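Student: I have a structure open and would like to walk through it with you, one question at a time. Could we start with the charged side chains?

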Amino acid sequence: MMFDLTNEVRGFKNEGWEAYRQKLLGIVAERGTEANYQAAARQAYIGLGAALIAAAFERVDATPMEGFDPEAVDEILGLKARHLRSVLLLPLGYRAAERDWLVNLQKVRRPAEQFISYVK
């Protein structure tokens, strides 16, 4: 679709661009639906990372989530009709500190030496 939009906006088809498009379409078709889903799901985490950074910059709380029922979310959002599937959720908002009993508790973190490996 993006290739078609680009051709439409520019008013012509670039042969190199079209050859690249055909190559990509061949790769996608050859891999199959599930492999394409897995590849796209991994790509979703790139967007998630960018969204988390942007939320932190704007001082908006964000909590990435995987522990949900993807089939139910897909149904509620009508994703199947758009040939999409949910991979993760990213709730965004502002915490209600006055109702958060954890807000004033000391954070518990492992020492860096217990979870960071240095490769030299």
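Student: Is R21 buried or exposed?

Tutor: Happy to start there, and keep in mind that this is a predicted model. The cut-off for buried is under 20% relative accessible area. R21 has a relative accessible area of 16%, so R21 counts as buried.

Student: Which side chain in helix 1 does R21 meet in a salt bridge?

Tutor: R21 lies in helix 2, and its partner lies in helix 1, so the pair ties together parts that are 17 residues apart in sequence. That partner is partly exposed, at 38% relative accessibility. The two side chains meet at 3.1 Å, N to O, and the partner of R21 is D4.

Student: What other side chain, in helix 2 itself, forms a salt bridge with R21?

Tutor: Look 3 residues away in helix 2, which is about one turn of the helix. The residue there is buried, with a relative accessible area of 16%. Its side chain meets that of R21 at 3.4 Å, N to O, and the residue is E18.

Student: Which residues are linked in a network of salt bridges?

Tutor: You have just met the pieces: R21 bridges to D4, and R21 also bridges to E18. Put together, the linked residues are D4, E18 and R21.

Student: How many salt bridges does a search of the whole structure find?

Tutor: The two bridges of R21, to D4 and to E18, belong in that total. Another joins R85 and E34, at 3.3 Å, N to O. The search of the whole structure gives a total of 4.

Student: How many residues apart in sequence are R85 and E34?

Tutor: R85 is in the loop between helix 4 and strand 2 (92-93), while E34 is in helix 3 (residues 33-57). Both are partly exposed, R85 at 43% relative accessibility and E34 at 42%. The pair links distant parts of the chain, and the separation is 51 residues.

Student: R85 seems to have other neighbours too. Over the face of which residue does R85 lie?

Tutor: Besides its salt bridge with E34, R85 sits above a ring, at 3.5 Å from the ring centre. R10 has a similar placement to describe, over the face of W17 at 6.0 Å from the ring centre. For R85, the residue is Y37.

Student: How far from D74 is the nearest side chain of opposite charge?

Tutor: D74 is found in helix 4 (residues 70-77), and it is buried yet has no salt bridge. Leaving out residues up to four places away in sequence, D74 touches L79, K80, R85 and S86. A salt bridge needs the nitrogen and oxygen within 4 Å. The nearest side chain of opposite charge is R85, at a distance of 5.2 Å.

Student: Back to the start of the chain. Why do the buried residues of helix 1 line one face of the helix?

Tutor: The buried residues in helix 1 (residues 2-10) are F3, T6 and N7. M2, E8 and V9 are exposed on the other side, and what covers the buried residues includes helix 2 (15-31). Seen down the helix axis, the buried residues line one face because they fall within an arc of 100°.

Student: What phi does H83 take, and where does this residue lie?

Tutor: Most residues other than glycine have a negative phi. H83 is exposed at 75% relative accessibility, and its place is in the loop between helix 4 and strand 2. Although H83 is not a glycine, its phi is positive, at about 60°.

Student: Which residue in the loop between helix 3 and strand 1 also has a positive phi?

Tutor: That loop leads to strand 1 (61-62). The residue is exposed, at 71% relative accessibility. Its phi is near 60°, and this residue other than glycine is R59.

Student: One last stop: which residues does Y45 touch?

Tutor: Y45 is found in helix 3 and is partly exposed at 34% relative accessibility. A97 is 52 residues from Y45 in sequence and 29 Å away in space, C-alpha to C-alpha. Not counting residues up to four places away in sequence, the contacts of Y45 are E66, V87 and L88.

How values were computed: Residues numbered from 1 in each chain as written. Predicted model: local features only at pLDDT ≥ 70, side-chain atom pairs only at ≥ 80, totals over all residues. Heavy atoms only, no water. Buried < 20%, exposed > 50% of the residue type's maximum accessible area, 1.4 Å probe, protein only. Helix = DSSP H or I, 4+ residues; strand = E, 2+ residues; numbered from the N terminus. Arc of directions from axis to C-beta. Contact = heavy atoms within 4.5 Å. Lys NZ or Arg CZ within 6 Å of the ring centre and 35° of its normal. Lys, Arg positive; Asp, Glu negative; His and termini not counted.
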